[in-house]
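Here are a few short exercises to work through with the structure open beside you. Try each task before reading its solution.

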Amino acid sequence: MAAGRAAAVVLLLPSAWRHLPEFRQPTARLVQALVIGAGAALGLALYLWAAHQQMLALAVVLASLYPAIPTVLGLALLHEKVSRQQVAGLLAAAGAVVLLTLG
């Protein structure tokens with residue numbers, strides 16, 4: 001995991017350096033990017049830990065629910081409109097998580 005991230009940085013850094021003026025962002029936006037990156041790294045580390053603990057059935061199902069997270073954030077933060085089918089899908093996904101954690 002760390003090697004993959006390091007390789008990505010090594011490959012992308014020269015291009016980013018060459019186009020540095022285009023990438024200038026306010027400090028708050030850079031802090032947000034660092035927090036998001038740290039969250040992604042934590043998620044990958046926890047997934048790896050779950051795999052080593054042989055909890056793959058639970059980890060794979062929870063990882064497959066990833067698309068629900070941006071959807072919920074869009075609902076909560078951006079007040080996006082959703083259809084009844086989308087609400088039903090999110091509720092079913094939440095129910096599945098509860099059932100999986102109960103065993």
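The exercises below concern a predicted model.

**Exercise 1. Describe the secondary structure of the chain and how spread out the chain is.**

Start by counting elements: the chain has six helices and zero strands. Reading from the N terminus, the order is α-α-α-α-α-α. Next, take the radius of gyration, which is 18 Å, well over the 13 Å from the globule rule for 103 residues, so the chain is more spread out than a compact globule. The C-alpha atoms fill a box of roughly 50 × 40 × 20 Å along the principal axes. Finally, look at burial, where buried means under 20% relative accessible area: 4% of the 103 residues qualify.

**Exercise 2. Compare the reach of helices H1 and H3 with the expected values, and find where H1 bends.**

Begin with H1, residues 2-18: its 17 residues reach 25 Å from first C-alpha to last, close to the expected 24 Å. Now follow its axis to Leu12, where H1 bends by about 40°. A proline, Pro14, follows within four residues. Then turn to H3, residues 27-52, whose 26 residues reach 37 Å, close to the expected 38 Å. Just after H3, check Gln54, which takes a positive phi of about 60°.

**Exercise 3. Which residues form a nonpolar patch on the surface?**

First get the overall picture: the chain has about 8600 Å² of accessible surface, 72% of it belonging to carbon and sulfur atoms. Then locate the patch, made of Tyr66, Ile69, Leu73, Leu77 and Leu78. Together these residues have about 570 Å² of accessible area. To place one of them, note that Ile69 lies in helix H5, residues 68-78.

How values were computed: Residues are numbered from 1 along each chain as its sequence is written. This is a predicted model: local features need pLDDT of at least 70, side-chain atom pairs count only at pLDDT 80 or more; totals for chains, interfaces and linings use all residues. Side-chain values use heavy atoms; hydrogens and water are left out. Helices (H or I, at least four residues) and strands (E, at least two) are DSSP runs, numbered from the N terminus. The expected span of a helix is 1.5 Å times one less than its number of residues. The bend at a residue is the angle between axes fitted to the seven residues ending there and the seven starting there. Patches are made of residues with over 30% relative accessible area and no salt bridge: like charges are joined within 9 Å, nonpolar side chains (Val, Leu, Ile, Met, Phe, Trp, Tyr) within 5 Å. Accessible areas come from the Shrake-Rupley method with a 1.4 Å probe; for residues, only the protein chains shown count as cover. A salt bridge is a side-chain nitrogen of Lys or Arg within 4 Å of a carboxyl oxygen of Asp or Glu. The radius of gyration is taken over C-alpha atoms; the globule rule is 2.2 Å times the number of residues to the power 0.38. Buried means under 20% relative accessible area, exposed over 50%, partly exposed in between (1.4 Å probe, protein chains only).
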